[in-house]
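User: Please take a close look at the surroundings of the ligand. Before that, settle the matter of disulfides.

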Amino acid sequence: MQKADKGVFTRDWPQYRDNLKAYYDRRRLSDPFQDGDGGCDPEKIRSLIRSHHVAGDWRFEIIEHLRRAMADRKVLELGCGYGYWTYHLADVAERVLATDISEPGLANARLVVDASNVEFNLQDASDVSDLTGSFDAVVSVNMINHFPREVALATLQRINARLGAGGRVFLAGEHYYGWRRMMYRKPGAGDDFVSARADSDAGAVEIVDDPYEPDDIRRLIGARASDVFIGDCLGYWWVRYTVCE
Ligand SMILES: C[S@@+](CC[C@H](N)C(=O)[O-])C[C@H]1O[C@@H](n2cnc3c(N)ncnc32)[C@H](O)[C@@H]1O
């Protein structure tokens with residue numbers, strides 16, 4: 001994988017947030033999800049998603065854990081992308097507001113997940129304090145690991161405050177084991193790792209790509225987490241906790 005440029009990396013939020021959004025705005029769907037013209041084929045996506053929810057698949061445990069944790073909950077999903085986890089949530093949650101900062105991702109998610117208890121909205125996950133509606137759970141997969149660490153921490157504090165005691169949180173990220181050696185430190189990136197992603201029409205783009213180990217996860221969820229469960233499978237780490245006072 002190429003390194004995108006030799007300059008200083010910026011973690012200056014909101015500039016970094018806008019760069020990350022631009023990357024996802026221009027990111028191409030991977031081949032199995034495309035129709036003949038390179039667009040989104042929702043039925044191909046749905047059948048791939050369903051094929052992962054079978055005993056024996058390495059994603060089965062995390063999917064089952066998510067579904068049990070979110071049964072009958074009013075879920076706010078942050079960074080839903082094309083709706084992979086939204087699809088798994090739709091038939092167990094009471095309702096889901098699935099949000100993302102990128103409209104192209106949301107457009108795909110609207111095609112993929114067609115359920116009367118699911119709505120979609122543009123939302124910057126780093127500040128949910130002004131979001132209207134009542135929720136008793138938050139789900140976010142594969143997003144917080146692309147936020148600079150101090151933004152990830154502040155985001156979690158706002159999520160905890162927004163949910164209040166008793167709210168349930170489920171976070172996950174990919175291990176990217178094969179990519180670990182593609183992650184590097186860079187001037188301006190502080191303690192964060194970055195990687196150059198080439199899967200965008202913008203060419204190679206550098207984004208924060210932090211590997212999370214159990215100690216990092218405990219630091220991230222902080223002191224307001226009770227009933228903590230940290231899970232691990234071939235491709236993902238995940239954590240479920242309940243917000244306490
Ligand atoms: C790696 S994708 C994960 C998508 C989906 N959760 C999944 O696991 O398939 C990260 C997603 O986070 C979204 N995202 C990035 N920054 C965001 C922000 N500040 N607020 C909300 N969503 C954001 C991106 O647009 C993208 O859809």
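Analyst: A disulfide is a pair of cysteine sulfur atoms within 2.5 Å. This is a predicted model, where local features need pLDDT of at least 70 and side-chain atom pairs count only at pLDDT 80 or more, while totals for chains, interfaces and linings use all residues. Residues are numbered from 1 along each chain as its sequence is written, and side-chain values use heavy atoms, without hydrogens and water.

The whole structure holds zero disulfides. Why does C80 form none? The closest cysteine sulfur, in C40, is 12 Å from its own, too far for a bond. C80 is buried (under 20% relative accessible area, with a 1.4 Å probe and protein chains only), at 5%. C40 is buried too, at 15%.

Now the ligand. 18 residues surround it, each with a heavy atom within 4 Å of it. The closest are G79, D100, D124, A125 and V141. Nine of the shell residues are nonpolar, six polar and three charged; Gly counts as polar here, and Trp and Cys as nonpolar. Helix α1, residues 15–25, gives the most to this shell: three residues. Helices here are DSSP runs (H or I) of at least four residues.

Next, the polar contacts, pairs of N or O atoms within 3.5 Å. A polar backbone atom of V141 is 2.8 Å from a ligand nitrogen. A backbone N or O atom of I101 lies 3.3 Å from a nitrogen of the ligand. The side chain of W85 has an N or O atom 3.1 Å from a ligand oxygen. The protein covers 93% of the 590 Å² of accessible area that the ligand has on its own, by the Shrake-Rupley method with a 1.4 Å probe.

Methods:
Buried means under 20% relative accessible area, exposed over 50%, partly exposed in between (1.4 Å probe, protein chains only). A polar contact is a pair of N or O atoms within 3.5 Å; within protein, one must be able to donate a hydrogen and the other to accept it, and residues adjacent in sequence count only if both atoms are side-chain atoms. Helices (H or I, at least four residues) and strands (E, at least two) are DSSP runs, numbered from the N terminus.
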